[in-house]
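Hello,

Here is the structure I promised to pass on to you. Have a look at it first, and then read my notes below.

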Amino acid sequence: MKKLLLVATICALISAMFANGANALPIDPPARGVEPVVITGAQLPTWSHLPAEGLATTHPQHLQDGKRDAHNGTLVVPTDARPGATIAEIAAFSWDGSKFVEIPVQVDERFPYFLANVNSNDIFGPVYSGTDEELTYEWDIESWKQQFTEVLPDGSCIKRYANSVDEIAKAVQEGWMSLASSTKPDDMLRRMQDPVGVLDDDDEIVFMASDTGQLAPADAVPPGTIGGKQQITVTDPRNPADVGFVYLVQRPSGSSFNASNGYVSYERDADADEWIDRDTYADGEPENVGSSNTSYGPNIPGTVCTDDPKTPELERGFDDPTTPAEEAPRHSDDRFPRDGVTVSTGTYKWHASGRWMIRSMQIISAATGEYGPDLIDRWKGRAFQQSPDSSVSLVGFEDEQVNWEGNSTLLGERFGPVRAIREVWGADSGTNVTKTETFYRDAISYRFRVRVHPIPPDGLYTSWDYNQGVAQCYFNESHSDCVHVDGVNDDILNVDEAPTGQPAFFDATDPQHSKPLANLNWEQVSGAGDAGSLVYMFEMKNAQSAENPLVVPYYRDDACLDDGTGDNPTPRQFPGEASTDARVYSDENRDCTINPLDLFDPNTNNWQNRQGCFACHGIHYFVTNDTDNATMPKPTTEIDGQQWQWAVPTAGPSAVGDAYANTVKTPLVAVATYLP
């Protein structure tokens, strides 16, 4: 293992020597038309109020408070002479040269949450993770509170908030809700709202740069306005002469835009609220989720209305083996909702079947106006090793399907005219890890707050895997030329075995393929024809992340790699199990020849004996220190990183990533001026 770490470190240093790359792309003007503009209440001091402040309940008191609580702390509202603007009355306009035109605007309130997951009945939830503070959003649906079951007339069981204080008291008595819930039962009946009921300094106001207009006359006021207006001057730092303006006003009717007539449509799947558990699926079923580490996660007991394929029908007490699954309620000690969702805009359509299970991404065709083919196999997360086939990992293998999906919950969901947001809480022993997905018209951002114990080599991976035959070209900051997506590796520093000959799958940066570090280093995958392109870039959001410097790009285009999960080119049987297991592959299909092209069957258009990893790319942390704040109540060591994903309609594969990445490297600058 020490040899592996040494190899990885040396490779990273070699990469640094070749940082500029042989095929560096030119610096393109930023694609400002797709850029959101986000300002905070602090930038509008005449309209704002001091934000809520608080402190998490710390060790060991939080253990006595009981189970799971996203508000395991105290909040106070500071005194402020400023009254603060009424959020529901804020509207936005641009000036078209002769009149004001209303534009979509969204105000998202934020306040501190205090995440505690004592439900995880091992050391990582109650003892190691403790309670972690996070500044996040006031949700339209605070999903983690929907811990109760409603049985519908069709026999299905769906999640809901508590119906009464008595129901909460019973859950506390049964031991699966926090004792703290009994002292604030009214709060558990609904979503929690920002205790500062007006615009405050940490709230966010967002609009699209494409909606900015010209400078309006000083005395021009949109109809119905109360008081003065906030002039937001939006400047391109790369071209200071390029300036746009947006005007925020207060009026009784507020904005005319909402989630029903804005840029983003957020629609939960028809069965998204249905409770399932690890016994909903047969052993080895490709869709099997949450089958590992049941001591982690929400650990919510209660009724599940799905069949249990692992137990014979008569043993479950049903006389009629043909009884539909939804008519067979049973008790579960560890259940979770499906939480599938589809997000669609005028640029893309995105679907996840759960919280960590992102399954498809389609981009609009400029020629047909229809969504193109699905580009991605899925998003993948890995801890300790990138493949379950490795025989040298110290602590095994974790993935997004078997380990993380069932050990997580949605913290909340929010829908608006400019963006939709959902946040996932929990990933195996990282019980307070969160992932915040923010959906804009042209892009999605994925913000990961990593709070977990030290991760030994080979560390952590997050990557995107693509559908074979749909994805055609890979580009990055070092390659303006097409790197063909063909299942044959172009990155020469992918390792498949240790010096001893044992299987050991890990990745180090190839200096001829990528720049050395992942931060602010864009990547792109283009589909064939007009299937569109996906551009990505990763950025660090906090200084503490510098404690974990070896964050490098990851790339594999390998039809032979079996990384444990996936749907394309064939569904991966027995998720998470090593491919050497006889249940995973039959003897005749187990070996992978030296030339992966020999594996391709033109009759079925499939690769025969591996799930495959086509143009898999993303972020690789070689090793991490403690990122769980050392039980402190304030963020001290956590990693806070964000990956952007732009959906770009393209007529054919070409390197367009630089223009999109530059919107993050040098974002627009917004300055507010109050005009009474």
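**The largest pocket**

The residues that line the largest pocket divide into 15 nonpolar, nine polar and 13 charged. Please keep in mind as you read that this is a predicted model. The volume of this pocket is about 870 Å³. Its lining consists of 37 residues, and those nearest the centre are Val38, Glu204, Arg447, Lys541 and Gln642. To find the walls, look for strands S1 (36-40), S9 (131-137), S26, S27, S39 and S40 (669-675) together with helix H8 (657-665), each of which supplies at least two lining residues. Strand S9 gives the most, with five residues.

**Enclosed cavities**

Searching the whole structure turns up six cavities of 30 Å³ or more. The largest of them has a volume of about 330 Å³. It is lined by 25 residues, with Trp404, Val433, Val450, Leu460 and Thr462 closest to the centre. Strands S22 (376-383), S26 (430-439), S27 (443-450), S28 (460-466), S38 (613-621) and S39 (639-648) each contribute at least two residues to this lining. By class, the lining of the largest cavity comprises 17 nonpolar, six polar and two charged residues.

The second largest cavity holds about 90 Å³ of space. Its lining has 16 residues, and Arg68, Gln146, Trp275, Pro337 and Thr409 are the closest to its centre. Two or more residues of this lining come from each of strand S18 (330-337) and strand S24 (409-415). The largest share, three residues, belongs to S18. Sorted by class, the lining of the second largest cavity has seven nonpolar, five polar and four charged residues.

**Helix H4**

Next, a helix to look at from end to end. Which residues of helix H4 (residues 165-174) are buried? They are Ile168, Ala171 and Val172. Viewed down the axis of H4, these buried residues fall within an arc of 100°, so they line one face of the helix. On the other side of H4, Asp166 and Gln173 are exposed. The cover over the buried residues of H4 includes strand S10 (148-151), helix H5 (179-183) and helix H6 (185-188). Just after H4 comes Gly175, which takes a positive phi of about 90°.

**Disulfides**

How many disulfides are there? The count comes to three.

- Cys157 and Cys305 are one such pair, with their sulfur atoms 1.7 Å apart. This pair links distant parts of the chain, 148 residues apart: Cys157 is in strand S11 (residues 157-160), and Cys305 is in the loop between strand S17 (300-304) and S18. Cys157 and Cys305 are both buried.
- Cys473 is joined to Cys482, with an S to S distance of 2.0 Å. The link of Cys473 and Cys482 is left-handed, with -90° about the S-S bond. Are these cysteines buried or exposed? Cys473 has a relative accessible area of 5% and is buried, whereas Cys482, at 25% relative accessibility, counts as partly exposed.
- Cys613 and Cys616 form a disulfide with their sulfur atoms 1.9 Å apart. The torsion about the S-S bond of Cys613 and Cys616 is about -120°, so this disulfide is left-handed. Cys613 is buried at 0% relative accessibility, and Cys616 is buried with a relative accessible area of 0%.

Happy exploring, and best wishes!

Methods
Residues are numbered from 1 along each chain as its sequence is written. This is a predicted model: local features need pLDDT of at least 70, side-chain atom pairs count only at pLDDT 80 or more; totals for chains, interfaces and linings use all residues. Side-chain values use heavy atoms; hydrogens and water are left out. On a 1 Å grid over the protein atoms alone, a cavity is a set of points where a 1.4 Å probe fits but cannot get out, and a pocket is an open set with protein on both sides within 12 Å along at least five of seven lines; lining residues have an atom within 4 Å of a point. Grid points are joined across faces, edges and corners, and a volume is the space filled by probe spheres set on the points. Helices (H or I, at least four residues) and strands (E, at least two) are DSSP runs, numbered from the N terminus. Ala, Val, Leu, Ile, Met, Phe, Trp, Tyr, Cys and Pro count as nonpolar, Asp, Glu, Lys and Arg as charged, and the others, Gly among them, as polar. Buried means under 20% relative accessible area, exposed over 50%, partly exposed in between (1.4 Å probe, protein chains only). The arc is that of the directions from the helix axis to the C-beta atoms. Contact means heavy atoms within 4.5 Å. A disulfide is a pair of cysteine sulfur atoms within 2.5 Å.
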